[in-house]
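Reader: I would like to understand how the words used for contacts in a structure are justified. Could you take me through them, setting each value against its rule?

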Protein chains: 2
Amino acid sequence: MGKIIGREVTAEFSTEIGDFWKASHSQIYPELRRMVNDGWIKVSTSSDNAKEKYYEITATGKKTLDDWLNQLVTELPVHEDLFSLKLFFIKDMNDKRIPELISQQLVLLKKELNYLGCRRQKLFTNDTMIQNNYGHYLILMRAISRTQGQIQWLEEVQKQLEEK
Amino acid sequence: MGKIIGREVTAEFSTEIGDFWKASHSQIYPELRRMVNDGWIKVSTSSDNAKEKYYEITATGKKTLDDWLNQLVTELPVHEDLFSLKLFFIKDMNDKRIPELISQQLVLLKKELNYLGCRRQKLFTNDTMIQNNYGHYLILMRAISRTQGQIQWLEEVQKQLEEK
DNA sequence: CTTCACATGTAAGCCGTTACATGATTCG
DNA sequence: CGAATCATGTAACGGCTTACATGTGAAG
């Protein structure tokens, strides 16, 4: 119980966690090693599958995680996105790249919204699932709301630009 | 005209561009050098101030920038934020760290919203300013809308959590 | 028994940071 | 002329990526 192999950690960064944080296996394996060295997790090899290494959190690791969770977040992240960066360099209101960028961004956002909706349906089928993973539920719903908001805003801008 | 020194580029990444992209002077100076090597910009030293190096975009540089602007953005950025990451690890709906994280996040978002409002007032005093920097105006307004949306959403969650 | 998927690992490089260092200008 | 500020630059390092490399298990 509570044991996990590197491959599964990697998978989580493509699904669960992957919606808001990315990491590849090439980063994960060395990190696991460091965490073993630091005593945050311990490793055990199974007898029936020599290639797999089972990792498990230690008391020290739990403490470290808990301390980290108790620390307040003091800064907002910077929103580095190419969409904003490109728009920044376009001065002219009638530059036709503006509607192009917007419509492309809308394509991406709608795909994202659809994806997030699927995630919600898949992960949170009933109230029990929500109550037992409430933090995860919150950030997923927040992502959905944010994406909807952006779509709505961009569509309004799009409409205004067409009216000329 | 069109000439700028490294110090001023650095300053832009603290103000104008800094709202959605960060870079320190230690990154900028080497980059300027590379861009000179690549022929994207050219450098000239002024007679009256030996320490200043004036950079200016070349035709090649303009072409490169233009090509880049014409490329479609094909992926949304990942929203790496500590707020989401921490919430992800909190399973229990009644964990008191949830309202703590939310209220702290609201503090940060309101500060941000206020800052963005000031930027808007300062940079876009009249319609001419808007029309001559329309892309910049759009992303600023988008940031404001996004921040407002997040505040609203979090406040609703906060209210719902209090009702128990 | 060989092929393919699984599981782990390493290497090189990019982009960004903080900290450190240096020279030029300005101003009291 | 000494101190503060301006302007530039370097060093060390951290986190992340892509590409490369290796070994093991399962399945035809």
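Reader: Which helices supply the surface near DNA strand C?

Author: In this predicted model, α1 (6-12) and α2 (25-37) of chain A, together with α2 (25-37) of chain B, each supply at least two residues of that surface. The most comes from α2(A), which gives four residues. By kind, the residues of the surface near DNA strand C divide into five nonpolar, seven polar and seven charged.

Reader: What makes a residue count as near DNA strand C, and how many residues surround the strand?

Author: A residue counts as near if one of its heavy atoms lies within 4 Å of the strand. In this model 19 residues surround DNA strand C, and the closest are Arg7(A), His25(A), Tyr29(A), Lys53(A) and Gln27(B). Of the atoms of DNA strand C that come within 4 Å of the protein, sugar and phosphate account for 70%.

Reader: Why is the pair formed by Tyr29(A) and a phosphate oxygen of DNA strand C called a polar contact?

Author: The name calls for a pair of N or O atoms within 3.5 Å. An N or O atom in the side chain of Tyr29(A) is 2.8 Å from a phosphate oxygen of DNA strand C, so the pair is a polar contact. Arg7(A) also reaches a phosphate oxygen of the strand, but with a backbone N or O atom, at 2.5 Å. In chain B, the side chain of Ser26(B) has an N or O atom 2.9 Å from a base nitrogen of DNA strand C.

Reader: How do you know that Asp81(B) and Arg142(A) form a salt bridge?

Author: A salt bridge needs a side-chain nitrogen of Lys or Arg within 4 Å of a carboxyl oxygen of Asp or Glu. The closest N and O atoms of Arg142(A) and Asp81(B) are 3.7 Å apart, and therefore the pair meets the rule. Across the interface of chain A and chain B, the rule finds four salt bridges.

Reader: What is the area buried between chain A and chain B, and what share of this area do carbon and sulfur atoms give?

Author: The buried area is about 6,400 Å², and carbon and sulfur atoms give 70% of it. Val73(A), Phe88(A) and Arg142(A) supply 12% of the area that chain A buries against chain B, more than any other three residues. The contact takes 60 residues from chain A and 59 residues from chain B.

Terms used. Residues numbered from 1 in each chain as written. Chains lettered and ligands numbered in written order. Predicted model: local features only at pLDDT ≥ 70, side-chain atom pairs only at ≥ 80, totals over all residues. Heavy atoms only, no water. Polar contact = N/O pair within 3.5 Å; in protein donor to acceptor, adjacent residues only side chain to side chain. Nonpolar A, V, L, I, M, F, W, Y, C, P; charged D, E, K, R; others polar. Contact = heavy atoms within 4.5 Å. Buried area = accessible area lost by both parts, 1.4 Å probe.
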